[in-house]
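Here are a few exercises to work through with the viewer open. Try each task before you read its solution.

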Amino acid sequence: MTADASIASELGIYVCPVCKGLLRQEEGVLRCPTCSQAYPIREGIPDFIREELSQSKDPVLRRMRFIDRMGRIYETKLWYPIVLNIFGGFRSPSLAQLVGIVSQKVQSTQGRVLDVACGPGTFGRRIASPSKEVFGIDVSLGMLRQGAIYTAKEGIPNVHFARARVEALPFEDGLFDATLCCGSLHLFADTVLALREMARVMKPGAILAVVTFTAGRGGILKFCRVREWYRRDQGLHVFELPEMERYLTASGFEDFQPEVSGSMLTFSARKHAA
Ligand SMILES: [Zn+2]
């Protein structure tokens with residue numbers, strides 16, 4: 001399969017993140033006929049980010065080279081379990097348990113699932129099924145490449161990857177039946193802006209399933225000074241529950257259902273019905 005042929009099935013789904021025009025496939029790029037912007041396809045992965053993230057003011061995006069390199073170890077015991085224990089506390093759910101919790105939240109969903117900041121498809125490819133087609137977006141090409149390697153190896157057909165920012169999703173309004181955002185909401189510079197863009201591409205009543213951190217009772221995040229330092233120096237936002245509910249309400253979501261374990265927060269919410 002050539003890199004270009006591999007995205008043929010997603011043509012008609014991706015739109016220009018700037019003007020929302022339908023894209024045309026030309027040699028190695030997706031071109032917007034409306035605003036003329038061209039988006040390269042790198043190894044079968046469309047790239048919708050035109051700016052150089054290493055120059056970003058956002059401390060998270062500036063670390064892109066490090067994040068790109070982490071793709072290969074992200075799901076191994078060298079990374080995910082360590083992060084869960086340090087930040088969430090020793091009673092944090094394991095990755096497998098978190099996948100189980102998130103799967104349950106979207107169990108009855110059929111159709112298209114958006115996986116925001118999907119990494120190597122950590123949650124999305126474990127949730128994909130014949131009735132759930134997953135579209136993963138991430139800012140890191142290294143993570144996405146690793147995701148493509150895993151899905152090929154595991155023989156999962158209905159997972160698609162694209163490089164895009166949560167603030168400018170390459171999808172039309174009301175496309176998705178569910179959205180996952182697992183392990184990244186705390187990293188977005190503007191939480192409400194990110195949630196609003198997710199709500200835009202979701203159908204009315206669609207479910208949002210999130211794994212993030214809260215100022216709970218486990219791990220180093222139980223210490224106020226640690227949370228403050230991470231926020232100031234690392235761009236890591238540790239949410240209080242009432243604060244999270246306010247952000248959701250401001251972004252067009254309702255029915256906030258939080259579960260806290262140590263300093264890990266999993267929750268679901270629904271986009272307002274029309
Ligand atoms: Zn355009």
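**Exercise 1. Work out the strand order of the open seven-stranded sheet in this predicted model, and find its edges.**

Solution. Start by tracing the strands across the sheet: the order is S7-S6-S5-S8-S9-S11-S10, and the pairing is mixed. Next, look at the two ends. S7 (159-163) and S10 each have a single partner strand, so one side of each has no neighbour in the sheet. Finally, consider the twist, which averages 15 degrees from one strand to the next.

**Exercise 2. Describe how strand S5 is joined to strand S6.**

Solution. First take the directions: S5 (residues 111-116) and S6 (residues 132-138) run parallel. Then count the bridges between S5 and S6, and you should find six. For one specific pair, pick valine 113, whose bridge partner in S6 is valine 134.

**Exercise 3. Find which strands helix H4 and helix H7 meet, and at what angles they run.**

Solution. Begin with H4 (residues 95-105), which packs on the sheet and touches S8 (176-182), S9 (202-213), S10 and S11 (264-271). The direction of H4 makes about 15 degrees with that of S11. Now turn to H7 (residues 191-200): it lies across S5, S8, S9, S10 and S11. Relative to S9, H7 runs at about 145 degrees.

**Exercise 4. Decide how the buried and exposed residues of helix H9 are arranged.**

Solution. List the buried residues, taking under 20% relative accessible area as the cut-off: in H9 they are Glu243, Met244, Tyr247 and Leu248. Looking down the axis of H9, these buried residues fall within an arc of 135 degrees, so they line one face of the helix. A helical rule helps here: with 3.6 residues a turn in an α-helix, residues three or four places apart point the same way. Turn to the face away from the buried side, and you meet the exposed residues Pro242, Arg246 and Thr249. As a last step, ask what the buried residues of H9 pack against: H7, S9, H8 (224-234), S10 and S11.

**Exercise 5. Characterise glycine 252.**

Solution. Place glycine 252 first: it sits in the loop between H9 (241-250) and S10 (253-261). Then check its backbone, where phi is positive, at about 95 degrees. Leaving out residues up to four places away in sequence, glycine 252 touches Arg270, Lys271 and His272.

**Exercise 6. Judge whether the protein chain is as compact as a globular protein of its length.**

Solution. Compare two values: the radius of gyration is 18 Å, close to the 19 Å that the globule rule gives for 274 residues, so the chain is as compact as a globular protein of that length. To round this off, note that buried residues make up 54% of the 274 residues.

How values were computed. Residues numbered from 1 in each chain as written. Predicted model: local features only at pLDDT ≥ 70, side-chain atom pairs only at ≥ 80, totals over all residues. Heavy atoms only, no water. Helix = DSSP H or I, 4+ residues; strand = E, 2+ residues; numbered from the N terminus. Contact = heavy atoms within 4.5 Å. Pairing = 2+ DSSP bridges. Axes fitted to C-alpha atoms, helices over the stretch in contact; angles between N-to-C directions. Buried < 20%, exposed > 50% of the residue type's maximum accessible area, 1.4 Å probe, protein only. Arc of directions from axis to C-beta. Rg over C-alpha atoms; globule rule 2.2 N^0.38 Å.
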